[in-house]
Amino acid sequence: MKRRTFLKGSAAAVGGAAALGFDLKQARAEMRELKIARTTETRSICPYCAVSCGVIIHTLGDKAKNVQSSVVHVEGDPDAPINRGTLCPKGATLRADINNPNRLFSPKVRRPGSDHWEEITWDEAIAKIARHIKDTRDKTFVAKNAKGLLVNRTPGLAMIGGCTDTNEFNYLQWKFITALGIPYRDSQARV
Ligand code: SF4
């Protein structure tokens, strides 16, 4: 059957069912209930944009040690005041991104002169980032401006926050950035 024919047939069937007095809303609601009947609900934030919609992630799995739960459904959180259960098309496809086989789970580095990315541990990544921050700050720190005024700034660094950062995280991040004297900073968090 061609796709167009199938869609026509489906539309006719839905119209016919409604004409016969069947309440499809109830059938759809029951399908949804069946899908998430045995899942664990975890509240989270959509990572895509600054709107920061609340989501509920439904997972299946017995929570045994070394067993990874599988994400079977993601939907808007009706209790989140920002989106009240709604999601835009990007947020509505979150499950596909979470389960994407190409998703990165560990940091990677492309070393100077290398032509490929190498997987490294989080400890190594954090140590390297700290080293780069220290070296860059030492090289670019400006204690006084051209007029001789004390400015204590590090124009060689910039910082941008992620959209799922909470206000509390941003407070600490801002303190850290200010302590380093970084003048270029922004955050898209509205959580
Ligand atoms: S669901 Fe859409 S609007 Fe909401 S945070 Fe995600 S990308 Fe932004």
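Start by selecting Arg43 and Ile56: Ile56 sits in S2 and is the bridge partner of Arg43. Keep in mind as you click around that this is a predicted model.

Now widen the selection to the strands on either side of that pair. S1 is joined to strand S2, residues 54-60, by 6 bridges, and the two run antiparallel. Add the remaining strand and you have an open sheet of 3 strands, in the order S1-S2-S3, with antiparallel pairing. Colour residues 40-45 and 70-76 next: these are strands S1 and S3, the edge strands, each pairing on one side only. Turn the sheet a little and look for its twist, which averages 30° from one strand to the next.

Next stop, Ser52. You'll find it in the loop between S1 and S2. Check its backbone: phi is near 60°, a positive value in a residue other than glycine. Is Ser52 buried or exposed? Ser52 counts as buried because it has 20 C-beta neighbours inside 10 Å.

Jump over to Arg84, in the loop between S3 and helix H3 (89-92). Arg84 also has a positive phi, near 45°, and is a residue other than glycine. Here the burial count goes the other way: Arg84 has 12 C-beta neighbours inside 10 Å, so it counts as exposed.

Finish at the ligand. Which residues are around it? Select Cys46, Tyr48, Cys49, Val51, Ser52, Cys53, Asn83, Leu87, Cys88, Lys90 and Gly91. Ser52, from the loop between S1 and S2, turns up again in this set. Colour the shell by residue type and you get 7 nonpolar, 3 polar and 1 charged.

Note on methods: Residues are numbered from 1 along each chain as its sequence is written. This is a predicted model: local features need pLDDT of at least 70, side-chain atom pairs count only at pLDDT 80 or more; totals for chains, interfaces and linings use all residues. A residue is near a molecule or strand if its C-beta atom, placed from the backbone, lies within 6 Å of it. Ala, Val, Leu, Ile, Met, Phe, Trp, Tyr, Cys and Pro count as nonpolar, Asp, Glu, Lys and Arg as charged, and the others, Gly among them, as polar. Two strands pair if DSSP finds at least two bridges between them. Helices (H or I, at least four residues) and strands (E, at least two) are DSSP runs, numbered from the N terminus. Axes are lines fitted to C-alpha atoms, for helices over the stretch in contact, and angles run from 0 to 180 degrees between N-to-C directions.
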